[in-house]
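Q: Please take a close look at a single part of this model and set it in the context of the whole chain.

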Amino acid sequence: MEDFGYLIATVAILIGTFFSIIGIIGLVRLPDVYARMHATGKVSTFGVVLLTVAAVFATPLAWSKALVLIALLILAGPVVSHAISSASYRLGIPMKQAMRDDLAGKRIQASARQPQPAQAEPAE
């Protein structure tokens with residue numbers, strides 16, 4: 001039974017490392033922050049989750065702690081990636097080779113609704 005656990009740990013390490021390497025290659029090779037966020041999202045969810053599963057099978061860690069950690073990673077990873085991408089878009093970081101931009105019109109409308117700061121009157 002112990003050998004079966006080590007076999008699962010080895011397979012999880014190999015697959016988790018594969019996702020991590022692909023994510024790092026995507027981080028280096030992809031053209032803009034939005035595509036890079038897509039690549040690093042794979043590292044933060046699949047890579048880390050599989051390496052956590054491997055750690056549970058290879059070491060005497062408790063499954064309950066690992067499941068809580070995995071659940072938090074799966075829930076928080078995509079939300080954090082979306083928040084960073086949304087912040088990048090609102091800061092005006094351009095998309096390279098964009099096929100379409102569904103938020104382009106909404107961004108202009110939102111900036112038009114914001115109150116303009118009062119301008120100081122010129123001194124006489």
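**A close look at helix α1**

A: At 1.5 Å a residue, the 28 residues of α1 should span 40 Å, and because the C-alpha atoms at the ends of α1 lie 40 Å apart, the expected and computed values agree. The model examined here is predicted. Helix α1 comprises residues 2-29, and Leu-7 is one of the residues found in this helix.

Two sets of residues may be considered in turn, beginning with the buried ones. In α1 these are Gly-5, Ala-9, Ala-12, Gly-16, Ser-20, Gly-23 and Gly-26. The partner against which the buried residues of α1 pack is α2, formed by residues 33-58.

The second set lies on the surface. Here Leu-7 belongs to a nonpolar patch, together with Phe-4, Val-11, Leu-14 and Ile-15. The accessible area of these five residues together is about 470 Å².

The chain as a whole provides the setting for this helix. Its secondary structure consists of four helices and zero strands, and the pattern read along the sequence is α-α-α-α. The chain has 124 residues, of which 21% count as buried. Its accessible surface amounts to about 9500 Å², and carbon and sulfur atoms contribute 69% of that area. As for contacts in the chain with a separation of 6 or more, 62% are between residues 24 or more positions apart.

In summary, α1 has buried residues that pack against α2, while Leu-7 of this helix forms part of a nonpolar surface patch.

Note on methods
Residues are numbered from 1 along each chain as its sequence is written. This is a predicted model: local features need pLDDT of at least 70, side-chain atom pairs count only at pLDDT 80 or more; totals for chains, interfaces and linings use all residues. Side-chain values use heavy atoms; hydrogens and water are left out. Patches are made of residues with over 30% relative accessible area and no salt bridge: like charges are joined within 9 Å, nonpolar side chains (Val, Leu, Ile, Met, Phe, Trp, Tyr) within 5 Å. Accessible areas come from the Shrake-Rupley method with a 1.4 Å probe; for residues, only the protein chains shown count as cover. A salt bridge is a side-chain nitrogen of Lys or Arg within 4 Å of a carboxyl oxygen of Asp or Glu. Helices (H or I, at least four residues) and strands (E, at least two) are DSSP runs, numbered from the N terminus. The expected span of a helix is 1.5 Å times one less than its number of residues. Buried means under 20% relative accessible area, exposed over 50%, partly exposed in between (1.4 Å probe, protein chains only). Contact means heavy atoms within 4.5 Å.
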